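Reader: I'd like to go through a few local features of this one with you. Shall we take a look?

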Amino acid sequence: MNNKTPKLTVVGAGPGDVDLITIKAIKAIESADVILYDALINEGLLKYASTNAEVIFVGKRKGCYAFQQEQINELIVSKAKEKGHVVRLKGGDPFIFGRGAEEIDYVQPFGLETYVVPGISSISAVPAYQGIPLTKRHAAESFWVITGTTKNHQLSEDVAIAAKSTATIVILMGMAKLEEIVKVFSDENKQDTAVAIIQEGTTVNEKVGIGTISTIQQVVEEKQLTSPAIIVIGDVVKERVQLSSLVENLNENLG
């Protein structure tokens, strides 16, 4: 019989580069009795898991769910009571479009101890790897972060509000709504506003397309950009700086 205290640690796994992980996150993974991980995490992080840990994929790939969210919630509780420490490993930061708070809300009434390890979010890390600052003097004083697709599979109404501002706009999960996004910004007479779309950012498979509101759909087609990707809209895209190295040799240069 398991005598361990049932607990859940929701861990941010970062944006993709296996080295963009915190020390606290590694410690949590190492101590886990069970790891439930999503599709967008770098599976290289699982090397930190104990050989005795049970590792379960619970993510979504190409529209197919390994588990529905309700099943994941129930699995966390049952595994914690059975084995002890459950680590819920999520891409980026688990409290930014990651349902981390929802999972904690669900399990607490069952008596689980609950903890969070923040992660580096793709919101800032992915543009940074491409030399794009989300804020810069004389270019943008603030930035918006919006989900492109709501739970009802509609374009977020916040996009239309954001399009009226001078802020940098970062849109996650928006590739399926790109045509609608372009129309919203075009309706605000922002056809010449710069746009960057970055696919699988901070990984060796990273691809980027740079254009404007009026040209970005053609750029996406030419470069065959798909999800997962983030969309960055605003003058900061034109402020892109030249970095000394790309993702594939960054680690070597820093080593």
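**Loops and a surface patch**

Author: Met173 is partly exposed, at a relative accessible area of 45%. Keep in mind that this is a predicted model.

Reader: Okay, so where does Met173 lie?

Author: Look just past strand E9, which covers 168–172. The next helix is H6, at 178–187. Met173 sits in the loop between E9 and H6.

Reader: Which residues form a nonpolar patch on the surface with Met173?

Author: Patch members need over 30% relative accessible area. Met173 has 45%. The patch has about 270 Å² of accessible area together, and the residues that form it with Met173 are Ile96 and Phe97.

Reader: What about the backbone there: what is the phi of Met173?

Author: Met173 isn't a glycine, yet its phi is positive. The residue belongs to the loop between E9 and H6. The value is about 55°.

Reader: Is Gln224 buried or exposed?

Author: Gln224 is in the loop between H7 and E12, and it also has a positive phi, about 55°, without being a glycine. The cut-off for exposed is over 50% relative accessible area. Gln224 has 60%, so it counts as exposed.

Reader: And which peptide bond is cis, with omega near 0°?

Author: Go to the loop between helix H7 (216–223) and strand E12 (229–233), where you'll find Pro228. The cis bond leads into that proline. It's the one from Ser227 to Pro228.

Note on methods:
Residues are numbered from 1 along each chain as its sequence is written. This is a predicted model: local features need pLDDT of at least 70, side-chain atom pairs count only at pLDDT 80 or more; totals for chains, interfaces and linings use all residues. Side-chain values use heavy atoms; hydrogens and water are left out. Patches are made of residues with over 30% relative accessible area and no salt bridge: like charges are joined within 9 Å, nonpolar side chains (Val, Leu, Ile, Met, Phe, Trp, Tyr) within 5 Å. Accessible areas come from the Shrake-Rupley method with a 1.4 Å probe; for residues, only the protein chains shown count as cover. A salt bridge is a side-chain nitrogen of Lys or Arg within 4 Å of a carboxyl oxygen of Asp or Glu. Helices (H or I, at least four residues) and strands (E, at least two) are DSSP runs, numbered from the N terminus. Buried means under 20% relative accessible area, exposed over 50%, partly exposed in between (1.4 Å probe, protein chains only).
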